[in-house]
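Biologist: I would like to learn how the labels on a model are earned. Could we go through them together, one by one?

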Amino acid sequence: MTALLVALGGAAGAAVRFRLGVRFNGRQPMPLGTLAANVVAALLLGVFARSAGEQVYALLGVGFCGGLSTYSTFAWETHSLATVNRVHALTYQLTTI
């Protein structure tokens, strides 16, 4: 049951991250959608870790927040920025640490 909750939450988080990317990344020099998704996921994870029960944490904490803030998206966008402008890539990395 827990694996199903994590999978459902992860699918929802990934869908929200995708929509944020489509909405905000556009022609910006920095991928603001991913930055916003990572910040929101970190804040939500803190709330869920402190106040949610085990199954709610599996769905929302591990699943949703995990899908919302994937490191692979951050790595790919950093690589894409570096091929165009290394200063933007370094700035993006430093703002997300």
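Biologist: Let's start at a single residue: in which helix is the place of Leu-8?

Modeller: Leu-8 sits in helix H1, which covers residues 2–24. Please keep in mind that this is a predicted model.

Biologist: Why does Leu-8 count as partly exposed?

Modeller: Its relative accessibility is 49%. Buried would need a value under 20%, and exposed a value over 50%. Leu-8 fits neither, so partly exposed is the label that applies.

Biologist: Which residues make a nonpolar surface patch with Leu-8?

Modeller: Met-1 and Leu-4 join Leu-8 there, and the patch has an area of about 350 Å². Residues in a patch must have over 30% relative accessible area, and Leu-8 with its 49% passes that test. For the chain as a whole, the accessible surface is about 6,200 Å², with 68% of that belonging to carbon and sulfur atoms.

Biologist: How many helices and how many strands are there in the chain?

Modeller: The chain has five helices and zero strands. Its pattern along the sequence is therefore written α-α-α-α-α. The C-alpha trace spans about 45 × 20 × 20 Å along its principal axes.

Biologist: Now to the inside. Which residues make up the largest nonpolar core?

Modeller: That core has six residues, namely Ala-37, Ala-41, Phe-48, Phe-64, Cys-65 and Leu-68. Helix H2 (32–51) and helix H3 (54–68) each give at least two residues to this core. A second, separate core has five residues, including Phe-74, Leu-81, Ala-89 and Tyr-92.

Biologist: What makes such a set a core?

Modeller: Its members must be buried nonpolar residues joined through side-chain atoms within 4.5 Å. There is a general trend behind this: in soluble globular proteins, nonpolar side chains tend to be buried together.

Biologist: What is Phe-48 in contact with, leaving aside its neighbours within four places in sequence?

Modeller: Phe-48 is in contact with Tyr-57, Leu-60, Gly-61 and Cys-65.

Biologist: How do you know that Phe-74 and Tyr-92 are buried?

Modeller: The relative accessible area is 11% for Phe-74 and 1% for Tyr-92. The cut-off for buried is under 20%, so Phe-74 qualifies, and so does Tyr-92.

Biologist: The count of aromatic pairs comes to one. Why is the pair of Phe-74 and Tyr-92 called tilted?

Modeller: The ring centres of Phe-74 and Tyr-92 are 5.2 Å apart, and the limit for a pair is 6.5 Å, so they pair. The angle between their planes is 45°. Stacked would need an angle under 30 degrees and edge-to-face one over 60, so the label left is tilted. The pair links distant parts of the chain: Phe-74 is in helix H4 (residues 71–84) and Tyr-92 is in helix H5 (residues 86–95), 18 residues apart.

Biologist: Ala-89 is in helix H5 as well. Why does Ala-89 count as buried?

Modeller: Ala-89 has 4% relative accessibility, and buried means under 20%, so the label follows. Not counting residues up to four places away in sequence, Ala-89 touches Thr-78, Leu-81 and Ala-82. Pro-29 is 60 residues from Ala-89 along the chain, with 9.4 Å between their C-alpha atoms.

Biologist: And in helix H2, what makes Ser-51 exposed?

Modeller: The relative accessible area of Ser-51 is 58%. Exposed means over 50%, so Ser-51 meets the cut-off. The C-alpha atoms of Ser-51 and Thr-78 are separated by 33 Å, and these residues are 27 apart along the chain.

Biologist: Ala-36 is found in helix H2 too. Why does Ala-36 count as partly exposed?

Modeller: Ala-36 has 32% relative accessibility. Buried ends at 20% and exposed begins over 50%, so Ala-36 belongs in between. Ser-69 is 33 residues from Ala-36 in sequence and 9.3 Å away in space, C-alpha to C-alpha.

Biologist: What share of the 97 residues in the chain is buried?

Modeller: Buried residues make up 30% of them.

Key: Residues numbered from 1 in each chain as written. Predicted model: local features only at pLDDT ≥ 70, side-chain atom pairs only at ≥ 80, totals over all residues. Heavy atoms only, no water. Buried < 20%, exposed > 50% of the residue type's maximum accessible area, 1.4 Å probe, protein only. Helix = DSSP H or I, 4+ residues; strand = E, 2+ residues; numbered from the N terminus. Contact = heavy atoms within 4.5 Å. Areas by Shrake-Rupley, 256 points an atom, 1.4 Å probe, with all protein chains shown as cover. Patch = residues over 30% accessible without salt bridge, like charges linked within 9 Å, V, L, I, M, F, W, Y side chains within 5 Å. Salt bridge = Lys/Arg side-chain N within 4 Å of Asp/Glu carboxyl O. Phe/Tyr/Trp six-rings, centres within 6.5 Å; stacked < 30°, edge-to-face > 60°.
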